[in-house]
Amino acid sequence: MEEYLSAFPEKEAAAQMEFEGDDEGGHDTEINYLGNPLLKRTPTLTSSQYAVVGAKVSHIESLDYEINENDLFKHDWRSRSSGEVLQYIFLKWTFAFLVGLLTGVIASLINLAIENIAGIKVLYLARFVKDKRYVAGFVYLTGVNLALTMVAASLCVVFAPTAAGPGIPEIKAYLNGVDTPNMFGASTLFVKIIGSIGSVSAGLDLGKEGPLVHIGSCIASLLSQGGSESDNYRLKCKWLRFFKNDRDRRDLITCGASSGVCAAFRSPVGGVLFSLEEVATWWRSALLWRTFFSTAVVVVVLRGFIEYCNSGRCGLFGRGGLILFDVSDVKVSYHVNDLLLVALVGVLGGLLGSAYNFVLHKVLILYGRINERGRMAKLVLSLSVSLFTSICLYGLPFLAPCTPCNGSAEAVCPTPEGSGNFKQFNCPSGHYNDLASLLYATNDDAVRNIFSSSTPSEFRFLSLLIFFALYCVLGLVTFGIAVPSGLFLPIILMGSAYGRLLALAFQSYTHIDHGLYAVLGAAALMSGSMRMTVSLCVIFLELTNNLLLLPITMFVLLIAKTVGDSINPSIYEIILHLKGLPFLDAFQEPWMRNLTVAELAAAKPAVVSLESVEKVSRIVEVLKHTGHNGFPVVNRPEGSASASASASASAELHGLVLRSHLVAVLRKKWFLKERRRSAEWEVRERFTSVDLARKGATLEQVAISEEEMEMYVDLHPFTNTTPYTVVESMSVAKALVLFRQVGLRHLLIIPKYQGAGISPIVGILTRQDLRAHNILAAFPHLANKKHK
C-alpha cells in the first residue's frame, strides 16, 4: 500500500495529528484524501484504522461474523420452539424473495426513467440538427446534460456522499468483515436511485450496473435492520430479533449483490457467480440456494416488466433498457487462424485493461486532491466533466461521413424516433450516421448496436476508432466524480469497439462474425481490468444465448486475466487500497511463513485481560483507556488474588468478551455486591441474547456512581467460551488463512506449554495485525524478503 500513500507526502504529518485525536468528532466531513496515509506508522503493530467512506475519513471497525457462544446464546437456542425455528427459516426465505422483488422493480423503474429521459433528449436534439440549428442544438444538449448532472451530483454531495461511485469495493470490504459506515442507509438508497437516473441520462460515460449492485445490497440491509441503520428509527418487530447479528445481515447483503447484477444483465446464474467470485469472502451451500432464489425472482419481475412495455405503454422504453443480445441463431464456426486472432483479442484485453487500471489510479489520486477542497469543488468537477462530455458527443458525429442504408435490412433506416440502430443526424434521407448511432443511443442501445450480428459493413473503421478513443478518455475522466457510477458499461463499450476494429482489420483472415468479435473484445477488456473469469463467462453466455461461444469466451477470458494479473491489481483492489479499507486478500506473502503469531503478539502492546468475576471500576478503566473490542477472560483458582498466589496458581482461559457486551452490562447496571458467580436465573431475568446484539452504545452514555464502582460483574454468562485460538508457534500465513476463511474479528494466541505461573493467553490478533504493509512497518527487515 506504500506506493499509494506516497502520493501525498505533504499531508502525512497533518493527517497523523488529526487522526490521533478523538475518533467520534472534530473531522471535516469534506475530507476526501484518496491517497492519504490513513494508518499511523509506528514501530509496533497497531489496531487503528481510518478509511475514506464516501467523502469522509471514518474510523473503521470489523464485524462480528463469528457465532458468540456464550451462556445466553446457548440458552436462547435451547429454548427456541420448533415454531420459532420455522419462523427464522421462513423469514430468511421471505427476505430473499423481497430482496429480489424490490431490486427487480427498482431496476425496471430506473431503466424506464433513463430510456424516456434520454430518448426525449435525443428526439429534440435530432429536430435541432435536422433544422440545421446547430448552435441551439448544442446549447440544448449541454444544458440538459448539465441539469441532470447537477441533480445527481448535488444529491451525492449534500445528502449521501457514500452513494457516489459504484459501491462494489465497499460491499467487498463489508462481506470481508469491514464495517463501512453509512453505506447501506435509506438516504444512500434514495440518492443512488435518483443519482443513477440523472447521471446515466446525462450521457456521462458510466453505467447503472455497479449502482444496481449497491442498490440491491441497501435493500437487503434495510430489510434485515427494520428499515433503518439507526436503532431510533427502525421498525420494531419481534421476528426481526433473529436478524440482530452481523452474520445473517451478511448473508442477506450477498443476496442483494447477486440480485443487483442479475437486474443489470438479466443474468441470474451470472449474478450468483459474481457474488461467489468477486464480492463474497465466505460462502456455503445454503447461501447459494437463497441467492439463486433471489435472482430468479429478479428475472421474473424484469421479464414481466419487459412484456408489459413491449406493447408500447412505457413511452420510449424501447427494448427495456436492459442489455440483451440474442445471437442464438448465429452459427459459430472457427479455424486455427481464427484462434490466433481470438488469442490476440485476449492479449490486447489484458494489456488495455491493465493500462486502464494504471491511468485510472492516477486520475483518482488527482480527483482526491480536487475533492478535498470541499463541496463546491466536487460540483464544479462533475459539471466540468459533463460539459466536456457534451462537447465530444455533439461535435464528433460531424466527423463521420453518411452511410447509405441497406435496402435489404429489416430495420427501419434511419430510425424515425425512439430506440433503434440507425440515427440520421445531419445526413440526407436514406442515409445514416454510424458514429451518431452509437453516441446518441443510451448505453444499452449502443451495446446492442455494436454487438449486432451479420453487419460487417454497418460501422466504418474511422467511426469505431473515434468511438473507442472517446470512450477511453471519457471512461477515465468520468469515474471518480461525485455521482453514482458503474464501470461495467464503459468497459463493455470500449472492449466491443476494439473487438470490431480487429475484426475489420483482419476480416479477410477470419470466419467469425464481427458482432461476436465485439462480444469477445468486451469480455476480454472486462477480464483484463476487473480480473473476473467464471462469472463473466456465464454473464456473457446468458446475454448472447449461444452456448457455442463458450470455448472461445473461456479462452479469451483466461488469456486476458493472466496478462492483466502479471502487470497490476484489479481495478477494485486499487480502489480498496486508495480508500484505505482493510481488505484481507486470500494471497499470503511468502515471507509470512517465516514469521510466527507469537512474534506478532510481541510487537503489540501487552494484551489486556479481565477476570471472570471482575470489579466494575476495572471494567470502566479498561474501556476508557483502550480501544479494543474484545478482551480475553481468565479464570483463576479460588484464593489466588495475591501476587504470590497468582504466580504459583494455574489459570485457564475462559473465553472472550466483547466491548459491546460489557457496555450493555454497565448500562443495565447488573452488578453484584460481592465477588461470586451468579446463578443462571439471575442473568436471564435481566438479559436476553437480543439485548447483547444491539450496537452503538458507548461508555460515555453510562453514569456509574462511586458506590457502584466498588461492586462486581460476573462475566461468565457473557463470555464466548469457544473463541478461535491458535498456538503461538503457528505461522502468520496459516493464521491469515484461518482468519479470513472463517470471517473472524479476533484470534487468540495461546502458549505452547501451559502450567502454573504461565499466562493462558499470549496475545490477540485482529484484522490490522495480519495486513502485510502493517507487519512490514513493525518488521522492516522482512521488506528485503518480499519477493523471495
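## A strand covered on both faces

Let's start with strand 1 (residues 50-53), which is covered on both faces: Tyr-50 and Val-52 on one side, and Ala-51 and Val-53 on the other, are all buried. Buried here means under 20% relative accessible area, exposed means over 50%, and partly exposed lies in between (1.4 Å probe, protein chains only). In a regular strand, side chains alternate between the two faces of the sheet. Helices (H or I, at least four residues) and strands (E, at least two) are DSSP runs, numbered from the N terminus.

Strand 1 runs antiparallel to strand 2 (residues 56-59), and four bridges join them. Two strands count as paired if DSSP finds at least two bridges between them. Within this pair, Val-53 stands opposite Lys-56 of strand 2.

## The model as a whole

This is a predicted model, in which local features need pLDDT of at least 70, side-chain atom pairs count only at pLDDT 80 or more, and totals for chains, interfaces and linings use all residues. Residues are numbered from 1 along each chain as its sequence is written, and side-chain values use heavy atoms, with hydrogens and water left out.

The protein has 30 helices and 14 strands, and 58% of its 788 residues are buried. Among contacts (heavy atoms within 4.5 Å) with a separation of 6 or more, 79% are between residues 24 or more positions apart. The accessible surface is about 31,400 Å², and carbon and sulfur atoms hold 60% of that. These areas come from the Shrake-Rupley method with a 1.4 Å probe; for residues, only the protein chains shown count as cover.

## Two nonpolar cores

A nonpolar core is a set of buried Ala, Val, Leu, Ile, Met, Phe, Trp, Tyr and Cys residues joined through side-chain atoms within 4.5 Å. The largest one has 139 residues, and the members that touch the most others are Phe-451, Phe-467, Leu-487, Phe-488, Met-526, Met-530 and Phe-540. Helix 17 (residues 488-505) gives the most to this core, with twelve residues. A second, separate core of 28 residues includes Val-608, Val-620, Leu-623 and Val-663.

## Helix 25 and its sheet

Val-663, from that second core, is also one of the buried residues of helix 25. Which strands does helix 25 lie across? Helix 25 (residues 659-668) lies across strand 7, strand 9 and strand 10, at about 75° to strand 10. For such angles, axes are lines fitted to C-alpha atoms, for helices over the stretch in contact, and the angles run from 0 to 180 degrees between N-to-C directions. Seven of the ten residues of helix 25 are buried, so this helix is largely enclosed by the rest of the structure. They are Arg-659, His-661, Leu-662, Val-663, Ala-664, Val-665 and Leu-666. Their cover includes strand 7, helix 23 (616-625), strand 9, strand 10, helix 27 (689-693) and strand 11 (712-714). Just after the helix comes Lys-669, with a positive phi near 55°.

The sheet itself is open, with three strands in the order 7-9-10 and mixed pairing. Its edge strands, each paired on one side only, are strand 7 (610-611) and strand 10 (652-658). Six bridges pair strand 9 (residues 630-635) with strand 10 in the antiparallel sense, and Asn-635 stands opposite Glu-652 in strand 10.

## Another three-stranded sheet

A further open sheet of three strands has the order 12-13-14, again with mixed pairing. Strand 12 (725-727) and strand 14 (763-765) are the edge strands, each pairing on one side only. From one strand to the next, the twist averages 35°. Strand 13 (residues 747-750) and strand 14 run antiparallel and are joined by three bridges; there, Leu-748 stands opposite Ile-764.

## Cysteines and disulfides

How many disulfides does the structure hold? There are two, where a disulfide is a pair of cysteine sulfur atoms within 2.5 Å. In one, the sulfur atoms of Cys-309 and Cys-314 are 2.0 Å apart. The torsion about this S-S bond is about -70°, so the link is left-handed. Cys-309 and Cys-314 are both buried.

The other joins Cys-402 and Cys-427, with sulfur atoms 2.1 Å apart; it is left-handed too, with -95° about the S-S bond. Cys-402 lies in strand 5 (residues 402-404) and Cys-427 in the loop between strand 5 and strand 6 (431-433), so the pair ties together parts that are 25 residues apart in sequence. Cys-402 is partly exposed, with a relative accessible area of 26%, whereas Cys-427 is buried at 9%. Two further buried cysteines are Cys-262, at 0%, and Cys-392, at 13%.
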